[in-house]
Amino acid sequence: MKLYENEISSATSRVRIALALKGVEVEAHRISILGVDAQNRQADYLKLNPQGLVPALVTDGGQLITQSLAIIEYLNELYPEPPLLPLNLESRALARSVALAIASEIHALLPPRIASYLSTTHAINSDGVAEWSRHWIGEGMAAVEQLITNRRTGAFIAGDHPSVADIFLFPQAISAARNGFDLAQWANIAEIMQNLRAIPAFENNAPAARK
Ligand SMILES: N[C@@H](CCC(=O)N[C@@H](CS)C(=O)NCC(=O)O)C(=O)O
């Protein structure tokens, strides 16, 4: 399998964590995502992934899989151990809800293409873009904290084993801290992050900081 990825990408970090938990190796292809000559916006990469985003997985059979949740669910079916979706039906729904709350309502508002559109098309300066990011991170993380309060049943979001919910939380919480948020204000998130940081598959696959 080939993984098109970037080390600063939260969505790549999710897939990398899943691969590490499964003990699966892939052929890595680094795609740059910052700056005017970023590879993700160039014709060669758009031919492979019309969305121009990382991560993208190409299976051994040559099929393209985009979107980190779809990639992780594919890996989870191909390599069932350890399961990344809880076996209990309601916990499984909670895990997917949290993963999507992070991917769709927080992370989707923050990537480079959004910042670049705000600054080039709407003349918003770097302080304004930073304020935009902080707004959506703060609102989104507070909602995730509420979602999991009283519904946690173990050390992680949906039980005693890390699931897709934790895989999506981990890079997003790191991004929140890098954006100046004190995670301690979200007690469940802070505790789960401490538990996740003790797992090498998570700690070794955190997104790199932007230089
Ligand atoms: N919903 C997608 C998000 C993918 C995404 O936004 N990736 C970012 C990096 S974290 C990217 O490729 N950004 C390039 C850009 O914004 O131009 C997923 O979960 O895979």
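How much accessible surface does the chain have, and what share of it belongs to carbon and sulfur atoms? The accessible surface comes to about 10,700 Å², and 52% of it belongs to carbon and sulfur atoms. The model is predicted.

**Overall build**

The chain has nine helices and four strands. Along the sequence they follow the pattern β-α-β-α-β-β-α-α-α-α-α-α-α. The C-alpha trace spans about 45 × 45 × 25 Å along its principal axes. A compact globule of 211 residues would have a radius of gyration near 17 Å; the chain has 17 Å, so the two agree.

Buried residues make up 48% of the 211 residues. Among contacts with a separation of 6 or more, 68% are between residues 24 or more positions apart. The charged side chains number 17 positive and 21 negative. The centres of these two sets lie 4 Å apart.

**Backbone exceptions**

Most residues other than glycine have a negative phi, and most peptide bonds are trans. The residues below depart from one or the other habit.

| Site | Feature | Value |
|---|---|---|
| Val54 and Pro55 | cis peptide bond | omega about 5 degrees |
| Glu81 and Pro82 | cis peptide bond | omega about -15 degrees |
| Gln67 | positive phi | phi about 75 degrees |
| Ala123 | positive phi | phi near 55 degrees |

Where do these residues sit? Pro55 lies in the loop between helix 2 (43-48) and strand 3 (56-58). Pro82 lies in the loop between helix 3 (68-78) and helix 4 (89-105). Gln67 is in the loop between strand 4 (64-66) and helix 3. Ala123 is in the loop between helix 5 (112-122) and helix 6 (126-148).

The two residues with positive phi fall into separate accessibility classes. Gln67 has 43% relative accessibility, so it counts as partly exposed. Ala123 has 67%, and therefore counts as exposed.

**The nonpolar core**

In soluble globular proteins, nonpolar side chains tend to be buried together. Here, the largest nonpolar core holds 51 residues. Which of them touch the most other members? They are Met141, Leu169, Ile189 and Met193. Several helices each supply at least two residues of this core: helix 1 (10-22), helix 3, helix 4, helix 6, helix 7 (164-178), helix 8 (187-197) and helix 9 (200-203). Helix 7 gives the most, with nine residues.

**A closer look at Ala99**

Ala99 lies in helix 4. Is Ala99 buried or exposed? Its relative accessibility is 0%, and the cut-off for buried is under 20%, so Ala99 counts as buried.

Ala99 also links distant parts of the sequence. Ala99 and Leu169 are 70 residues apart in sequence, yet 7.2 Å apart in space, C-alpha to C-alpha. Leu169 is also one of the core residues that touch the most other members. Leaving aside neighbours within four places in sequence, Ala99 is in contact with Leu69, Val164, Ala165 and Phe168. Helix 3 covers 68-78, the range that holds Leu69. Helix 7 covers 164-178, the range that holds Val164, Ala165 and Phe168.

Definitions and conventions
Residues numbered from 1 in each chain as written. Predicted model: local features only at pLDDT ≥ 70, side-chain atom pairs only at ≥ 80, totals over all residues. Heavy atoms only, no water. Rg over C-alpha atoms; globule rule 2.2 N^0.38 Å. Buried < 20%, exposed > 50% of the residue type's maximum accessible area, 1.4 Å probe, protein only. Contact = heavy atoms within 4.5 Å. Areas by Shrake-Rupley, 256 points an atom, 1.4 Å probe, with all protein chains shown as cover. Lys, Arg positive; Asp, Glu negative; His and termini not counted. Charge placed at Lys NZ, Arg CZ, Asp CG, Glu CD. Core = buried A, V, L, I, M, F, W, Y, C linked by side-chain atoms within 4.5 Å.
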